[in-house]
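Visitor: I am new to this structure and would like to learn how to read it. Could you walk me through it, one feature at a time?

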Amino acid sequence: MKIEIDDKSGFCFGVVRAISEAEQALGAGGTVYSLGDIVHNRVEVQRLEQLGLCTVTHADMPRLSGCRLFIRAHGEPPTTYAEARRLGIEVIDATCPVVARLQRRVVQAHEQMCSIGGQVVILGKRGHAEVVGLTGQVAELTIVIEGAQDLVQIDFSRPIYFLSQTTQSIALFEKLGEEMRRRAANPEAVWLDDTICRQVSGREEHLAEFARRYDVILFVSGRKSSNGKVLFEVCRKENPRSYQVEEASEVDLVWLEGAETLGICGATSTPKWLMQEVAAAVGERVNRSKTENI
């Protein structure tokens, strides 16, 4: 069987930067506490935990006085930094520059809407770390929508400033933006600010083409990854024989029956080494299966 790993899959710039900073901090010795999973990939988190990274929650912060606290690429609201200063916690800030820029845009959007009685709307996954950080930039309410069913939250008689979580679908953002203008009392008072990371969004078209080239697709991603869910659906739409796994042990050889080609790809939170590990394990199992059946 021909097995190929997508050369464009794997960590995005923000995650590469965060992992590098974490490894550097861990290399200096001692424990580093990560506020939430450093990346939405269980296997990569386990690797870093073996190096001394310890995942904690906001509730753990009071006991971390004098410790090092890692802020992952998703970013945090200002209240987290203020609490760390109050508790005497050293902060290692690895917020992705794209996310940090979006945080500033959210503040500016609120300032603009406040002056004209408008509202700020973000396309994003409720409860996602990046979205929590974005909505926490200001005290005012930020409306979070995940799809067309959530448009009922918006007052279409008032101005709207529409932004997006960095890892959302461009097509969905544009579709919802068009619908907002269609419903708005004044379409010209609906501002669409496409804040989607192009390093992430550009993978959709590439993965669609990649998925069409192979009999079977193995999409390697943590199941908590928002970006992973979006990109896996891109693959499955183009190739019904697409399967999502977190690691090699989850692969079922039944999926590969009759297949001559296998494509392996992943999310922006998927390390390249993990895709290589899956490819090697699948190749070994396929060869062993063939030998046993001779």
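Guide: Happily! The chain has nine helices and twelve strands. Please keep in mind that this is a predicted model.

Visitor: What does the C-alpha trace of the chain span along its principal axes?

Guide: The span is about 75 × 55 × 25 Å. The chain has 294 residues, and buried residues make up 53% of them.

Visitor: Let us turn to the sheets. How do strands of a sheet pair?

Guide: Strands pair through backbone hydrogen bonds, and the pairing is either parallel or antiparallel. Here, one open sheet of four strands runs in the order S3-S2-S4-S5, with parallel pairing. Its edge strands are S3 (53-56) and S5 (90-93), each of which pairs on one side only. From one strand to the next, the twist averages 35°.

Visitor: How many bridges join S2 and S3?

Guide: Strand S2, residues 32-35, pairs with S3 over four bridges in the parallel sense. You can follow the match residue by residue: Val 32 stands opposite Leu 53 in S3, and Ser 34 has Thr 55 of S3 as its bridge partner.

Visitor: And how should I read the two faces of a strand?

Guide: In a regular strand the side chains alternate between the two faces of the sheet. Strand S2 is a good place to look, with Val 32 and Ser 34 on one side and Tyr 33 and Leu 35 on the other. These residues are all buried, and both faces of S2 are covered.

Visitor: Where is the place of Thr 31?

Guide: Thr 31 sits in the loop between H1 and S2. With a relative accessibility of 39%, Thr 31 counts as partly exposed, because that value falls between the 20% and 50% cut-offs. For a sense of distance, try Thr 31 and Asp 194: they are 163 residues apart in sequence, and their C-alpha atoms are 38 Å apart in space.

Visitor: What is the strand order in the open sheet that contains S1?

Guide: That open sheet of four strands has the order S1-S12-S10-S11, with parallel pairing. Strand S1 (2-5) and strand S11 (242-245) stand at its edges with a single partner strand each, so one side of each has no neighbour in the sheet. The twist here averages 20° from one strand to the next. S1 pairs with strand S12, residues 261-266, over four bridges in the parallel sense. Within that pairing, Glu 4 has Gly 263 in S12 as its bridge partner.

Visitor: Next, the aromatic rings. How many aromatic pairs does a search of the whole structure find?

Guide: The search finds four aromatic pairs. One of them joins Phe 210 and Tyr 214, a tilted pair with 4.8 Å from centre to centre and 45° between the planes. Phe 210 and Tyr 214 are both buried.

Visitor: Why is the pair of Phe 219 and Phe 232 tilted?

Guide: The ring centres of Phe 219 and Phe 232 are 5.8 Å apart and the planes meet at 40°, so the pair counts as tilted, the class between under 30 degrees and over 60. Phe 219 lies in strand S10 (residues 216-220) and Phe 232 in helix H8, so the pair ties together parts that are 13 residues apart in sequence. Phe 219 is buried, with a relative accessible area of 0%, and Phe 232 is buried at 7%.

Visitor: Finally, the pockets. How much space lies in the largest pocket?

Guide: About 310 Å³ lies in the largest pocket. Its lining has 26 residues, and the closest to the centre are Cys 12, Val 15, His 74, Thr 167 and Thr 268. Helices H1 (13-27), H4 (97-114), H7 (198-212) and H8 (226-238) each supply at least two lining residues, with the largest share, four residues, coming from H1. By class, the lining divides into twelve nonpolar, 13 polar and one charged residue.

Visitor: And which residues are closest to the centre of the second largest pocket?

Guide: They are Met 1, Leu 256, Glu 257, Val 286 and Lys 290, out of ten lining residues. This second largest pocket holds about 160 Å³ of space, and its lining has five nonpolar, three polar and two charged residues.

Note on methods. Residues numbered from 1 in each chain as written. Predicted model: local features only at pLDDT ≥ 70, side-chain atom pairs only at ≥ 80, totals over all residues. Heavy atoms only, no water. 1 Å grid on protein atoms, 1.4 Å probe; cavity = no way out; pocket = protein on both sides within 12 Å on 5 of 7 lines; lining within 4 Å. Points joined across faces, edges and corners; volume = space filled by probe spheres on them. Nonpolar A, V, L, I, M, F, W, Y, C, P; charged D, E, K, R; others polar. Phe/Tyr/Trp six-rings, centres within 6.5 Å; stacked < 30°, edge-to-face > 60°. Buried < 20%, exposed > 50% of the residue type's maximum accessible area, 1.4 Å probe, protein only. Pairing = 2+ DSSP bridges. Axes fitted to C-alpha atoms, helices over the stretch in contact; angles between N-to-C directions.
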